[in-house]
Amino acid sequence: LAAGIINVFGKFNKGDHIKIADKNNEECARGLSSFSSDEINKIKGHHSSNIRELLGYIAKSEVVHKNDMVEV
């Protein structure tokens, strides 16, 4: 969920394979992103109900859906 995102590193597109790190910057999962890095930078730290207001549209409420993620 966007509310839990603190930082975004690198540039990527919607649908790209991304690494997910914990607060210690240790990789904890990998997944398929529902948003681009630019979009995530706009919504990070915000509740899912604000995505439409921040981006002007909504596709999904999760940045990486649990069905598109694997813990490492």
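This briefing walks through the fold, the core, the largest pocket and a few individual residues of the chain above. The model is a predicted one. The chain holds two helices and three strands, and from the N terminus on these elements run β-β-α-α-β. With a radius of gyration of 11 Å, close to the 11 Å that the globule rule gives for 72 residues, the chain is as compact as a globular protein of that length.

**Overall shape and fold**

- Along its principal axes, the C-alpha trace of the chain spans about 35 × 20 × 20 Å.
- Of the 72 residues in the chain, 28% are buried.
- Among contacts with a separation of 6 or more, 50% join residues that are 24 or more positions apart.

**The nonpolar core**

- The largest nonpolar core has 12 residues in all: A2, I5, V8, F12, I18, F35, I40, I43, I51, L55, V63 and V64.
- Helices α1 and α2 (51-55) each supply at least two residues of this core.
- V8, one of the core residues, touches S37, I40 and N41 when residues up to four places away in sequence are not counted.
- I40 is thus a good residue to find on screen: I40 belongs to the core, and I40 is also touched by V8 and by S33.

**The largest pocket**

- The largest pocket has a volume of about 720 Å³.
- Its lining is made up of 23 residues, and the closest to the pocket centre are I5, N7, K19, I20 and A21.
- Strand β1 (residues 17-21) gives the most to this lining, with five residues.
- By type, the lining residues divide into 13 nonpolar, five polar and five charged.
- I5 has a place in two of these lists, as a member of the largest nonpolar core and as one of the residues closest to the centre of the largest pocket.

**A21 and N25, around strand β1**

- A21 lies in strand β1 and is among the residues closest to the centre of the largest pocket.
- Its relative accessible area is 41%, so A21 is partly exposed.
- Leaving aside neighbours within four places in sequence, A21 is in contact with E26, E27 and C28.
- A21 and G31 are 10 residues apart in sequence, and their C-alpha atoms are 11 Å apart in space.
- N25 sits in the loop between β1 and β2, where it has a positive phi of about 65° although it is not a glycine.
- Is N25 buried or exposed? With a relative accessible area of 56%, N25 is exposed.

**S33 and S36, in the loop between β2 and α1**

- S33 lies in the loop between β2 (27-32) and α1 (37-43), and S36 lies in that loop too.
- S33 has a relative accessibility of 3%, so it counts as buried.
- Beyond its neighbours within four places in sequence, S33 is in contact with F12, K14, G15, D16, I18, I40, V63 and V64.
- Several of these partners are core residues, including F12, I18, I40, V63 and V64.
- S36 counts as buried because its relative accessibility, 14%, is under the 20% limit.
- Not counting residues up to four places away in sequence, S36 touches F12, N13 and K14.
- S36 and N13 are 23 residues apart along the chain, yet their C-alpha atoms are separated by 4.2 Å.
- F12 and K14 are contacts of S33, and F12 and K14 are touched by S36 as well.

**E62, in the loop between α2 and β3**

- E62 is found in the loop between α2 and β3 (69-71).
- At 24% relative accessibility, E62 counts as partly exposed.
- Which residues does E62 contact, leaving aside its neighbours within four places in sequence? E62 is in contact with L1, S34 and F35.
- One of these partners, F35, is part of the largest nonpolar core.
- The C-alpha atoms of E62 and S48 are separated by 7.5 Å, with the two residues 14 residues apart along the chain.

Note on methods:
Residues are numbered from 1 along each chain as its sequence is written. This is a predicted model: local features need pLDDT of at least 70, side-chain atom pairs count only at pLDDT 80 or more; totals for chains, interfaces and linings use all residues. Side-chain values use heavy atoms; hydrogens and water are left out. On a 1 Å grid over the protein atoms alone, a cavity is a set of points where a 1.4 Å probe fits but cannot get out, and a pocket is an open set with protein on both sides within 12 Å along at least five of seven lines; lining residues have an atom within 4 Å of a point. Grid points are joined across faces, edges and corners, and a volume is the space filled by probe spheres set on the points. Helices (H or I, at least four residues) and strands (E, at least two) are DSSP runs, numbered from the N terminus. Ala, Val, Leu, Ile, Met, Phe, Trp, Tyr, Cys and Pro count as nonpolar, Asp, Glu, Lys and Arg as charged, and the others, Gly among them, as polar. Buried means under 20% relative accessible area, exposed over 50%, partly exposed in between (1.4 Å probe, protein chains only). Contact means heavy atoms within 4.5 Å. A nonpolar core is a set of buried Ala, Val, Leu, Ile, Met, Phe, Trp, Tyr and Cys residues joined through side-chain atoms within 4.5 Å. The radius of gyration is taken over C-alpha atoms; the globule rule is 2.2 Å times the number of residues to the power 0.38.
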